[in-house]
Amino acid sequence: MKAKLIRFRVTKFRSIQDSGWINASDITCLVGTNESGKTNVLVALSKLKPANGEPILPLIDYPRSEYSRFETEGQRQIFITAEFERAGDANGSTRVVVERSFNGNYRINSHEVGDSHEGVSGIEAEKLAIWAEIPSFVYYSDYGNLDSEIFLPDAVKHISQLKTASLTERQRAKSRTLKVLFDYLLLDPQKILDMGREGNHAQQPNLIESDQKKKQERDILLTSASTNLTKSFKDWWKQGNYRFRFAADGNFFRIWVSDNVRPEDIELENRSRGLQWFFSFFIVFLVESKGIHNNCILLLDEPGLTLHPMAQYDLIKFFESLSQTNQLLYSTHSPFMVNADRIGDVVAVYVAENGETKVSHDLREGNKEAEKSIYPVHTAIGITVSDTLLLGCTPVLVEGPSDQVYMIAVKNFLSKIGKYSYGRELVFIPTGGVKGVNAIKNIITGVDEKLPFVLLDGDKAGLDMAKSLRDGSYKNDKDLVITADTVSSLKDSEFEDLMPAEMLAKLFSREYRGTKTADFDDGYHDPTKPIVDQMEAFLKANGHSKPEGWKVE
């Protein structure tokens with residue numbers, strides 16, 4: 001029987017004085033800026049019942065500003081409180097509250113039987129029947145990603161220091177993953193190192209055969225481990241048929257990866273950061289959960305940070321499948337890692353004016369302190385709305401918002417006079433100039449894998465971009481790239497030159513009058529030349545400022 005985490009509270013832990021109650025669901029997302037304290041929330045929760053026996057390190061975990069009081073009162077300080085729901089009988093479910101203090105002791109209270117276990121040690125807690133129902137926590141951060149080449153003497157040294165405070169957070173994370181890797185191999189790194197060492201063959205020739213036998217045994221063990229890991233990883237991660245190979249050479253242990261697309265062996269660190277993360281996390285998850293996968297809670301710190309936005313979407317889908325058997329909490333500051341369908345499961349983490357970490361379920365705008373942390377949530381909603389609006393539509397990229405206004409006006413005018421007969425809705429999307437065309441094009445293409453129309457000015461920048469697109473990604477769809485000069489008879493024409501010049505001249509003159517020259521629509525404008533350059537020259541000649549977005553207005 002597994003108990004489900006309902007809510008938890010962090011107090012007096014690193015940058016957190018009191019987080020308040022944080023509700024937990026099947027998938028809980030902690031969103032916030034860098035240095036907001038998201039990691040501290042997850043680390044505190046992980047130390048309630050760490051799957052890997054991670055120690056409490058007061059020198060790191062106790063609030064620095066109050067460390068002088070640790071010896072006198074801090075050891076008894078509760079730093080994590082969690083409430084679990086146990087599946088009950090016909091009478092319904094029951095609740096269990098588990099607390100842990102910096103001295104490692106627990107306070108466990110079961111509402112079902114009304115008994116309370118005060119100040120029990122970790123060993124005593126394990127003897128309680130209810131303890132087996134409390135899930136363990138597997139915490140993983142990007143710091144733990146494995147390298148392809150591991151220097152075994154350092155690995156042996158750092159693994160031996162894991163229970164101490166002598167390692168940095170990054171070293172601890174890396175060393176922990178190394179330990180887990182060798183636990184999976186059922187080998188001690190010192191043993192792998194010793195099996196590869198050679199004696200003095202010149203003085204003791206009889207050692208040659210012994211050394212060869214040890215190396216042969218080592219190779220067989222590593223090959224067997226490679227085969228088992230490849231099979232397990234394939235069962236777990238469906239997006240790619242990866243094959244892993246472990247090898248040892250002298251003081252070095254190496255990890256090689258191949259797949260159907262790239263059949264040659266490539267070092268793990270030269271594959272994508274995404275694969276490095278999945279591989280390293282999988283090893284940790286596989287070993288630390290000890291096969292009891294459905295009785296551990298996963299805590300992932302900034303997962304998918306280096307992944308492409310589309311790959312981050314895939315990671316969210318992967319989390320959905322993981323949550324069928326494991327509760328999952330993760331932190332992020334990427335809008336692509338915020339599931340807009342699960343906004344109710346998003347929690348904002350931010351830094352208050354006094355420097356303390358605050359946690360809130362309120363995602364409304366207006367809280368100045370939380371504004372930056374909440375921003376990815378609103379962006380995620382915007383992305384979802386954009387995707388929805390594009391369904392069944394034909395996207396058309398234009399350079400700027402003024403071009404967007406013109407094209408919407410043209411479309412509406414054609415509809416009004418009954419000459420717009422295109423079956424799908426046209427959505428005009430400004431790209432922020434020619435430099436943004438490729439970036440927006442790639443995002444839009446991801447919606448339905450069809451290249452969007454691109455409308456560009458007929459000036460040099462527009463023509464250069466059109467050529468680049470037609471020679472590249474639009475090589476087989478050149479007709480989708482249209483420049484203004486193919487419609488207008490003017491050289492270097494822009495979108496404004498597609499409009500009746502007299503109409504634009506009158507509109508412009510209504511806003512800006514000549515003070516040193518004739519009005520724009522009364523002798524200044526030359527209809528045989530592109531109109532925008534003339535407008536800007538008129539503004540300059542008559543002392544008018546050119547405000548941002550003047551063409552849109």
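**Group meeting talk: rings, sheets and one buried glutamine**

Hi everyone. By the ring-pair rule, the count comes to 29 aromatic pairs. Before I go on, please keep in mind that this is a predicted model.

Let me pick out a couple of those pairs. Take Tyr62 and Phe102: the ring centres are 5.1 Å apart and the planes stand at 75°, so this pair is edge-to-face. Where do the two residues lie? Tyr62 is in the loop between helix 2 (58–61) and strand 5 (78–89), and Phe102 is in the loop between strand 6 (92–101) and strand 7 (106–110), so the pair ties together parts that are 40 residues apart in sequence. Both Tyr62 and Phe102 are buried.

Next come Phe233 and Phe244. Their centres are 5.1 Å apart with the planes at 85°, so this pair is edge-to-face. Phe233 belongs to helix 7 (residues 207–236) and Phe244 to strand 11 (residues 243–249), so here the parts being tied together are 11 residues apart in sequence. Are these two buried or exposed? Phe233 has a relative accessible area of 1%, which is under the 20% cut-off, so Phe233 is buried. Phe244 comes out at 4%, so Phe244 is buried by that cut-off.

There is also a cluster linked by ring pairs: Tyr140, Trp277, Phe278, Phe281, Phe285, Phe318, Phe319 and Tyr330. And for those of you who like cations over rings, the charged end of Arg7 sits over the ring of Trp21, 3.8 Å from its centre.

Now to the sheets. One is an open sheet of 6 strands in the order 9-14-15-4-16-17, with mixed pairing. At its edges are strand 9 (136–141) and strand 17 (357–360), each of which pairs on one side only. From one strand to the next, the twist averages 20°. Inside that order, strand 4 (residues 27–31) and strand 15 (residues 328–332) pair in the parallel sense over 5 bridges, and Leu30 stands opposite Ser331 in strand 15.

Which helices go with this sheet? Helix 8 (residues 273–288) lies across strand 9 and strand 14 (296–301), running at about 160° to strand 9. Helix 9 (residues 309–322) packs on the sheet, touching strand 4, strand 14 and strand 15, and its direction makes about 160° with that of strand 15.

Let's stay with helix 8 for a moment, since Gln276 is found there. What is the relative accessible area of Gln276? The value is 7%, under the 20% cut-off, so Gln276 is buried. What does its side chain meet? A polar atom of the Gln276 side chain lies 3.1 Å from the backbone oxygen of Arg271. Setting aside neighbours within four places in sequence, Gln276 is in contact with Asn145, Leu146, Leu268, Glu269 and Arg271.

On to another sheet. Here 4 strands form an open sheet in the order 19-18-20-21, and the pairing is parallel. Strand 19 (425–430) and strand 21 (481–483) are the edge strands, each pairing on one side only. Ignoring direction, neighbouring strands of this sheet are turned by 25° against each other on average. Strand 18 (residues 393–398) runs parallel to strand 19 and is joined to it by 6 bridges; the bridge partner of Val398 in strand 19 is Pro430.

Helix 11 (residues 401–416) packs on this sheet, touching strand 18, strand 19 and strand 20 (453–456), with its direction at about 165° to that of strand 19. Helix 13 (residues 460–471) packs on the sheet too, touching strand 20 and strand 21, at about 160° to the direction of strand 21.

Thanks for listening!

Technical notes:
Residues are numbered from 1 along each chain as its sequence is written. This is a predicted model: local features need pLDDT of at least 70, side-chain atom pairs count only at pLDDT 80 or more; totals for chains, interfaces and linings use all residues. Side-chain values use heavy atoms; hydrogens and water are left out. Two strands pair if DSSP finds at least two bridges between them. Helices (H or I, at least four residues) and strands (E, at least two) are DSSP runs, numbered from the N terminus. Axes are lines fitted to C-alpha atoms, for helices over the stretch in contact, and angles run from 0 to 180 degrees between N-to-C directions. Contact means heavy atoms within 4.5 Å. Rings of Phe, Tyr and Trp (its six-membered ring) pair if their centres lie within 6.5 Å; planes under 30 degrees apart count as stacked, over 60 as edge-to-face and the rest as tilted. Buried means under 20% relative accessible area, exposed over 50%, partly exposed in between (1.4 Å probe, protein chains only). A charge sits over a ring if NZ of Lys or CZ of Arg is within 6 Å of the ring centre and within 35 degrees of the ring normal. A polar contact is a pair of N or O atoms within 3.5 Å; within protein, one must be able to donate a hydrogen and the other to accept it, and residues adjacent in sequence count only if both atoms are side-chain atoms.
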